[in-house]
Amino acid sequence: MIKKSVTFAPKKEAERMIPMLVQTASQYQSRILFSHEEKTANVKSIMGMLNFTLIPGEAIDVSIEGDDEEEAMARIEEFLTSN
């Protein structure tokens, strides 16, 4: 399992990024979770992510567990900081 805190720094509107983020996460077999304060969301779930507030400039705790966790972490971190 890999855990990392990533600061969300989007270049687009956060709401528009959610479907692309879910699609990106779904390419990996690993379990991918976001946590912030008291909320946790499965990044592969569109409904879960719509209920999870992504606020630019705030840190999101990313937890990834599975065979492709390192590749998934690199891609999710890149997505959160450069899209």
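Let's start with accessibility: a residue is called buried when its relative accessible area is under 20%, exposed when over 50%, and partly exposed in between, using a 1.4 Å probe on protein chains only. This is a predicted model, where local features need pLDDT of at least 70 and side-chain atom pairs count only at pLDDT 80 or more, while totals for chains, interfaces and linings use all residues. Residues are numbered from 1 along each chain as its sequence is written, and side-chain values use heavy atoms, with hydrogens and water left out.

Now to the charged pairs. A salt bridge here is a side-chain nitrogen of Lys or Arg within 4 Å of a carboxyl oxygen of Asp or Glu, and by that rule the model has 2 salt bridges. Take K4 and E77: their closest N and O atoms sit 2.8 Å apart. K4 belongs to strand β1 (residues 2–7) and E77 to helix α3 (residues 69–82), so this contact ties together parts that are 73 residues apart in sequence. As for those element names, helices (H or I, at least four residues) and strands (E, at least two) are DSSP runs, numbered from the N terminus. K4 is partly exposed, at 35% relative accessibility, and E77 is partly exposed too, at 25%.

Helix α3 also hosts R75 and E78, 3 residues apart and thus separated by about one helical turn. Their side chains form a salt bridge, with 3.8 Å from N to O. R75 comes out as partly exposed at 25% relative accessible area, and E78 as partly exposed at 43%.

Next, the aromatic rings. Which two numbers would you want for such a pair? In general, a pair of aromatic rings is described by the distance of the centres and the angle of the planes. The rule covers rings of Phe, Tyr and Trp (its six-membered ring), which pair if their centres lie within 6.5 Å; planes under 30 degrees apart are stacked, over 60 edge-to-face, and the rest tilted. The structure has 1 aromatic pair. That pair is F34 with F52, a tilted arrangement at 6.1 Å centre to centre and 55° between the planes. F34 lies in strand β2 and F52 in the loop between α2 (46–50) and β4 (59–65), so the rings tie together parts that are 18 residues apart in sequence. Both F34 and F52 are buried.

Finally, a backbone oddity: E37 has a positive phi of about 55°, although E37 is not a glycine. You'll find E37 in the loop between β2 (31–36) and β3 (39–42). With 70% relative accessibility, E37 counts as exposed.
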